[in-house]
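Me: I would like to work through this structure by question and answer, going from single residues to the chain as a whole. Could we take the topics one at a time?

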Amino acid sequence: MATRMDDRLRLVRRNTGLLAAAQVALWGAIGAVAAFGPISIFELTGRESMAAVLFGAYSLAVAAGARISGRFMDRAGRRPGLTAGYVVLGVGGGSAAVSVASGSALGLMVSAVVIGAGAGTALLGRAAVADMYPPDRRGRAVGRFLVAGTIGAVGGPPLAGAVHAVARNGGIGEPLIIPWLLVPALAAVALAFVLSVRPDPRDLAVGGTGPGPRRPIEILGLRPALAAVAAIAAVQVVMVTFMSVVPVVLHSHGAGELTVSIVVGLHLAGMFGLSSVV
């Protein structure tokens, strides 16, 4: 019995490490999108308001992707769902690069939706980690997991800014294409980590993953759940406003893309840096 428990603990730690490594790459990709999405759509349209439209479409797609893929993961498992999410994320990033190269604002908007759907699915890696831990350790495990993702969140935007600077100084005709190519590259790295997860986190779940006594809509009848939803909604408004407006404002005032990327990276660090403490 003790040997079996030790084996399970080893598998949980291994899966957690692999999923955390995937999140580092994921947040690197999201950071690149956050820094260069608003700037790219502004350059294509000349309208600052389009930055908010793009990030709003992306955010709605994140929510829809999480909802749809969550149901799929309950049937097929966590690993297949996360795999699909990273594939979709990579396709969206490649499509965005093509759209910027061709000067298509509509193509970039559609790509942002695809990226959002993939990111919303991939972000459920935190749920896969939570499955594997008992309730009294679940919050701590997810907190550490999010802190690991902070590495990518902080490093992704400056990395995107750096490759953009190299492309611009190297004489590339449209240097804004290059940061978008980081998205499929980082998605491929994350996908490799997810494909190495064995067994599926659902198979290591504590207490099972079958239907609970309440459905999501019924949970909203509880006051703590309503408070949580209201708080998340308010925070999302602030976050989307910041991440859609600030890059364009800085860019319009002459700040370089690397400076914009550092500001976005610091914002993402604030989002997740204290997750373990919380």
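Me: Is Asp74 buried, partly exposed or exposed in this model?
Reply: The model is a predicted one, and the relative accessibility of Asp74 in it is 47%. Buried would require a value under 20% and exposed a value over 50%, so the class that applies to Asp74 is partly exposed.

Me: With which residue does the side chain of Asp74 meet in a salt bridge?
Reply: Side chains of opposite charge can pair when their charged atoms come close. For the side chain of Asp74 the N to O distance of the salt bridge is 3.1 Å, and the cut-off for such a pair is 4 Å. The partner is Arg78.

Me: Is Arg78 itself buried or exposed?
Reply: The relative accessible area of Arg78 is 9%. Because the limit for a buried residue is under 20%, Arg78 counts as buried.

Me: Which residue of helix H5 forms a salt bridge with Arg78?
Reply: In this second pair the closest N and O atoms are 2.6 Å apart. The pair links distant parts of the chain, since one partner lies in helix H5 (residues 125-131) and Arg78 lies in helix H3, 53 residues apart. The partner in H5 has a relative accessible area of 14% and is therefore buried. That residue is Asp131.

Me: Which residues are joined into one network by salt bridges that share partners?
Reply: The structure holds 2 salt bridges. Arg78 takes part in the one with Asp74 and also in the one with Asp131. The network is therefore made up of Asp74, Arg78 and Asp131.

Me: How far does H3 reach from its first C-alpha to its last?
Reply: Helix H3 covers residues 78-102, and it has 25 residues. At 1.5 Å a residue the expected reach is 36 Å, and the reach in the model is close to it, at 36 Å.

Me: Which residue has a side chain that reaches the backbone oxygen of Gly107?
Reply: The residue in question is placed in helix H3, and its relative accessibility of 6% means that it counts as buried. Its side chain comes to 3.3 Å from the backbone oxygen of Gly107, where the limit for a polar contact is 3.5 Å. The residue is Ser99.

Me: Which residue caps the N-terminal end of H4?
Reply: Just after H3, Gly103 takes a positive phi of about 75 degrees. At the N-terminal end of H4, a side-chain oxygen of the capping residue lies 2.9 Å from the backbone nitrogen of Gly107, a residue that is itself among the buried ones of H4. The cap is Ser104.

Me: How far apart are the end C-alpha atoms of helix H4?
Reply: Helix H4 runs over residues 105-122 and so has 18 residues, which at 1.5 Å a residue should span 26 Å. The distance in the model agrees with that expectation, and it is 25 Å.

Me: Which residue just after H2 takes a positive phi?
Reply: Helix H2 (residues 49-76) should span 40 Å for its 28 residues, and its end C-alpha atoms are 40 Å apart, which agrees. Its buried residues include Met50, Leu54, Phe55, Tyr58 and Met73. Just after this helix, a positive phi of about 115 degrees is taken by Gly77.

Me: What is the omega of the peptide bond from Arg198 to Pro199?
Reply: Pro199 has its place in the loop between H7 and H8, a loop in which Ser196 is also found. The peptide bond from Arg198 to Pro199 is cis, with omega near -10 degrees.

Me: Which residues make the nonpolar surface patch of about 230 Å²?
Reply: One member is placed in helix H9 (residues 223-252), and at 43% relative accessibility Val229 counts as partly exposed. The patch is made by Leu220, Leu226 and Val229.

Me: What is the radius of gyration of the protein chain?
Reply: The protein chain has 10 helices and 0 strands. For its 278 residues the globule rule gives 19 Å, and the value for the chain is close to this, so the chain is as compact as a globular protein of that length. The radius of gyration is 19 Å.

Terms used. Residues numbered from 1 in each chain as written. Predicted model: local features only at pLDDT ≥ 70, side-chain atom pairs only at ≥ 80, totals over all residues. Heavy atoms only, no water. Helix = DSSP H or I, 4+ residues; strand = E, 2+ residues; numbered from the N terminus. Expected span 1.5 Å × (residues − 1). Buried < 20%, exposed > 50% of the residue type's maximum accessible area, 1.4 Å probe, protein only. Polar contact = N/O pair within 3.5 Å; in protein donor to acceptor, adjacent residues only side chain to side chain. Patch = residues over 30% accessible without salt bridge, like charges linked within 9 Å, V, L, I, M, F, W, Y side chains within 5 Å. Areas by Shrake-Rupley, 256 points an atom, 1.4 Å probe, with all protein chains shown as cover. Rg over C-alpha atoms; globule rule 2.2 N^0.38 Å.
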